[in-house]
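Here is a quick tour of how this chain packs together. We'll start from one residue, then move to the helix pairs, the cores and a couple of backbone oddities.

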Amino acid sequence: MKRYLIAGNWKMNGQSAANADLLAAIVPHLSAARPLDVAVCVPAPYLAQVQQICQGSPMDWGAQDVSAHGSGAYTGEVSADMLSDFKPRYVLVGHSERRQYHGETSTVVAAKAQRALAKGITPIVCVGETLQEREAGQTEDVVKRQLAVVIQQVAHCVSELVVAYEPVWAIGTGRTASPEQAQAVHALLRTQLRAATAQADRIRILYGGSMNASNAASLLAQADIDGGLIGGASLKPHDFLAIVAAAQAQ
Ligand code: PGA
């Protein structure tokens, strides 16, 4: 039986008071949420706050990015060492917004994944094609290439990864991949992971891109969809809890 992971991605939203309100509306309702994993990935300045609120609860927490470098003259960057002070379980790497707006290549993403793993933080490696790439029939090539660089870099630690398939055209657009479209890509990512590790079946492959309360159940029912990476709906307690409930009901 798979153990689902529902991870919220707050992106650049929230401030102390709003974060406290949001978590107060979610965390107390998670007590029955095991045996699935639930997490929120929050902006770095709020890791301490979220750690304080969530520790000892069923809610795990994570960061949204980590530096590819260890330490030194990298103004504005946050290292894996620094993150580890706040005991995050996860960190997103290679989110399409980082690739798109910050020029992150798959090589950089792979280095970030490696830095996180070295500190015992699970990287959630995001891959996904743009609309243009999908329409050109390049989806398979694009996602496999993005994941291959990470697989090569982390070598024997592949089974420690979480992978998130997030079609760029579905992120924040309200346009979700159909369960069949998502499953097709998840299946090929699974095949790629199987070629790299005997433990591929325990790697969680999350779907992300306009997952919400009404489409979560049908997506999560797919054989190779092991959870969700939730942007917009993670800011709405009712919706986020509905997605958690949909995972629990599988
Ligand atoms: P969305 O974002 O759920 O708002 O589409 C998902 C993500 O970017 O992780």
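Contact here means heavy atoms within 4.5 Å. Keep in mind that this is a predicted model.

**A residue to start from**

Which residues does Val-42 touch, once its neighbours within four places in sequence are set aside? The list is Trp-10, Leu-47, Val-50, Gly-62, Ala-63 and Gln-64. Val-42 itself sits in strand β2, which covers residues 37–42. Buried means under 20% relative accessible area, and Val-42, at 0%, therefore counts as buried. Gln-64 is a nice partner to look up in the viewer: 22 residues separate it from Val-42 in sequence, yet their C-alpha atoms are 6.2 Å apart.

**Helices against helices**

Three helix pairs are worth a look, and α7 turns up in two of them. Here are the basics.

| Pair | Crossing angle | Axis distance |
|---|---|---|
| α5 (residues 106–118) and α7 (residues 139–154) | roughly 40° | within 8 Å |
| α7 and α8 (residues 179–196) | about 35° | 10 Å |
| α1 (residues 16–26) and α10 | about 40° | 9 Å |

Take α5 and α7 to begin with. Their angle makes the two helices oblique to each other, and α5 passes α7 in a right-handed crossing. On the α5 side, the contact uses Ser-106, Thr-107, Val-109, Ala-110, Ala-111, Ala-113, Gln-114 and Leu-117, while α7 brings Gln-146, Val-149, Val-150, Gln-153 and Val-154. Sorted by class, that gives 8 nonpolar and 5 polar residues, with no charged ones.

Gln-153 is a good way into this contact. It belongs to helix α7 and, with 36% relative accessibility, counts as partly exposed. Beyond residues up to four places away in sequence, Gln-153 touches Ala-110, Ala-111 and Gln-114. Gln-153 and Gln-114 are 39 residues apart along the chain, with 7.1 Å between their C-alpha atoms.

Now look at α7 again, this time with α8. The crossing of α7 past α8 is right-handed too. From α7 come Thr-139, Glu-140, Val-143, Lys-144, Leu-147, Ala-148 and Ile-151, and they meet Val-185, Leu-188, Leu-189, Gln-192, Leu-193 and Ala-196 in α8. What is the class make-up of the contact of α7 with α8? There are 9 nonpolar, 2 polar and 2 charged residues.

That leaves α1 and α10. At about 40°, α1 is oblique to α10, and the crossing is right-handed. Leu-22, Ala-25 and Ile-26 of α1 make the contact with Pro-237, Phe-240 and Leu-241 of α10. By class, the contact of α1 with α10 has 6 nonpolar residues and neither polar nor charged ones.

**The nonpolar cores**

In soluble globular proteins, nonpolar side chains tend to be buried together. How many residues does the largest nonpolar core have in this model? It has 66, and the ones with the most contacts inside it are Val-50, Met-59, Leu-189, Leu-193, Tyr-207 and Leu-220. Helix α10 (residues 237–248) gives the largest share of this core, 6 residues. Some names should ring a bell: Val-50 is one of the residues in contact with Val-42, and Leu-189 and Leu-193 are on the α8 side of the contact with α7.

Tyr-207 is worth clicking on. Not counting neighbours within four places in sequence, Tyr-207 is in contact with Tyr-165, Pro-167, Ala-170, Thr-176, Ala-177, Ala-182, His-186, Leu-219, Ile-225, Gly-227, Gly-228 and Leu-229. There is also a second, separate core of 12 residues, with Ala-39, Cys-41, Tyr-90 and Ala-164 among them.

**Two backbone oddities**

Most residues other than glycine have a negative phi. Lys-87 is not a glycine, but has a positive phi of about 50°. You'll find Lys-87 in the loop between α3 (80–84) and β4 (90–93), where it is exposed, with a relative accessible area of 57%.

Ala-155 also has a positive phi, near 45°. It lies in the loop between α7 and β6 (162–165). Buried or exposed, or somewhere in between: where does Ala-155 fall? With a relative accessible area of 43%, Ala-155 is partly exposed.

How values were computed:
Residues are numbered from 1 along each chain as its sequence is written. This is a predicted model: local features need pLDDT of at least 70, side-chain atom pairs count only at pLDDT 80 or more; totals for chains, interfaces and linings use all residues. Side-chain values use heavy atoms; hydrogens and water are left out. Axes are lines fitted to C-alpha atoms, for helices over the stretch in contact, and angles run from 0 to 180 degrees between N-to-C directions. Helices (H or I, at least four residues) and strands (E, at least two) are DSSP runs, numbered from the N terminus. Angles under 35 degrees count as roughly parallel, over 145 as roughly antiparallel, 65 to 115 as roughly perpendicular and the rest as oblique. A crossing is left-handed if the near helix is turned anticlockwise from the far one by less than a right angle, and right-handed if clockwise. Ala, Val, Leu, Ile, Met, Phe, Trp, Tyr, Cys and Pro count as nonpolar, Asp, Glu, Lys and Arg as charged, and the others, Gly among them, as polar. A nonpolar core is a set of buried Ala, Val, Leu, Ile, Met, Phe, Trp, Tyr and Cys residues joined through side-chain atoms within 4.5 Å. Buried means under 20% relative accessible area, exposed over 50%, partly exposed in between (1.4 Å probe, protein chains only).
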